[in-house]
Amino acid sequence: NKMNVAVLFGGKSGEHEVSLESAASICRAMDKDKYNIYMIGITKNGEWAYCKCTPDDMESGKWLQFEVEGSNINLIPSQSRPAGIELESGEIIKIDACFPVIHGPFGEDGTLQGIFEMASIPYVGCKVLSSSLAMDKAMFKKVMDFEGIPQVDYVSVRAYEFEKKEEDVIKMVEDMLDYPVFTKPANMGSSVGISKASDAYELASGIREALKHDSKVVIEQGINAREIEVAVLGSETVRASVPGEVLSCKDFYDYEAKYLANSSKTLIPAQLDEDVKCEIQDMAIKAFKAIDGEGISRIDFFIEKDTNRVYINEINTMPGFTKISMYPKLWDASGMPYTKLIDELIRLAIKK
Ligand code: ADP
Ligand code: MG
Ligand code: MG
C-alpha cells in the first residue's frame, strides 16, 4: 500500500521562488508506485492551500489556481477530526509524512517543524531546535565555538544597539575585525541582505541593509576563500558525501550569483588533498551532531586561500533540492541517485 506524502512548498521567506523549483523537482522524481503525493503550497502571505497542480504549475507560480475547493488543511487534531487534509465531502486524508521543501525563515527555522510536532505528523529533516540553531547565524556560531569547530571571527549586533549609537558599534567592529567584513541578517538564507563592506561607511549601510531582514546582524571577518560544501544524511548514523566546490561568477556568492546569473559553477568532487577531504567530512558530521541535526543538511565551509585553513561557514537544514542543486548532486556523486535520496529521507522521517 502506498504512503500519503505531503510536499510543502513556497513559504513566506525571500526564498519562496527557490522552494517552488526544489519542490517541483522532488514531485517529478518521487516514485508514484510508492507514494500518493499531496501538494500543499504556502503563499508569500502565509496562507496554506492544498492544490492539485502539476510540478510545472508549481514552478511557474500558477499553483494557487489549482486549489482544491472546499478543502482544509487540519493541523489541529481532535477526536472527531484527525490531522490531515479535509475534503469538502468531510473525508480526511491522513498524511503519513510531510516533506517541507521550504527554505529560509518560516520553513527551515523550526517554526514549521513545531507545527508538525504539535500535529504528530512525521516530517523530513531537522527538528525544532536544530532547525532554529542552524538558521540563527549568531546562535550557530556560539555552538560551534563551544565545540571547538573553527570559524572566522565575528561580532553580533542587535538593532537597538545600532540605533542607539551607530559610531560605537562601528568602532567595536573596527576594534575586533579588519576590512573587508561581511554583514548578514542573523536569520536568512540565499545571501538575502548580505553585503561586503570595505570601510566604515559601507559597514554602516551594510548593517542597515541587514536590519531590514532581521533585528539581529552578524558581522564577520571577510576572507579570501574557496567555498566547499558537504551533504550529510542520516540520524543516528550520519553519512557525509564527497565535498563539492562552488565557483562563484561574482565577487562573492550573492543571490544573483546563486540563481540569476546562471554562470556560477559547481565542481564535484572538489579537488582536495585526501587529508583535507576527510577533515572536512569529519567536521561536517561533528557540526551536524553538535546542533542535534536529523535527516538532511548541507554543511558549508571556507578554505582560506593564503593559509589553507578550514572554517565552517554555516549549516543549511533544508538546502536547495532541484536536480542540479549541490545537495542532491553531492549524493549522486557519492553513489545515491536523486529518487533514492528522496526515499531515504522519507524513510528516516517515518523512523524518527
Ligand atoms: P546564506 O545563508 O545566505 O547563504 P552565507 O553566510 O553562506 O549566507 O553567505 C553567503 C555568501 O557570502 C557565501 O557563500 C560567501 O560567498 C560570502 N561570504 C559570507 N561570509 C563570508 C566571509 N566571512 N568571508 C568571505 N566570504 C563570505
Ligand atoms: Mg544559509
Ligand atoms: Mg550560504
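Let me begin with the polar side of this interface: between domain 1 and domain 2, 8 residue pairs are in polar contact, both residues at pLDDT 80 or more, a polar contact being a pair of N or O atoms within 3.5 Å, where within protein one must be able to donate a hydrogen and the other to accept it, and where residues adjacent in sequence count only if both atoms are side-chain atoms. On the side of domain 1 that touches domain 2, β1 (3-10), α1 (16-29) and β7 (97-100) each supply at least two residues, and α1 gives the most, with 6 residues; helices (H or I, at least four residues) and strands (E, at least two) are DSSP runs numbered from the N terminus.

I should say that this is a predicted model, in which local features need pLDDT of at least 70, side-chain atom pairs count only at pLDDT 80 or more, and totals for chains, interfaces and linings use all residues. Residues are numbered from 1 along each chain as its sequence is written, and side-chain values use heavy atoms, with hydrogens and water left out.

The rule finds 1 salt bridge across this interface, with a side-chain nitrogen of Lys or Arg required within 4 Å of a carboxyl oxygen of Asp or Glu. The side chains of lysine 34 and aspartate 343 form a salt bridge at 2.7 Å, N to O.

As for extent, about 1800 Å² is buried between domain 1 and domain 2, with 69% of that area from carbon and sulfur atoms; buried area is the accessible area (1.4 Å probe) that two parts lose on being put together, summed over both. In domain 1, Ala29, Phe99 and Glu108 lose the most area to domain 2, together 29% of what that side buries.

Technical notes: Chains are lettered from A and ligands numbered from 1 in the order in which they are written.
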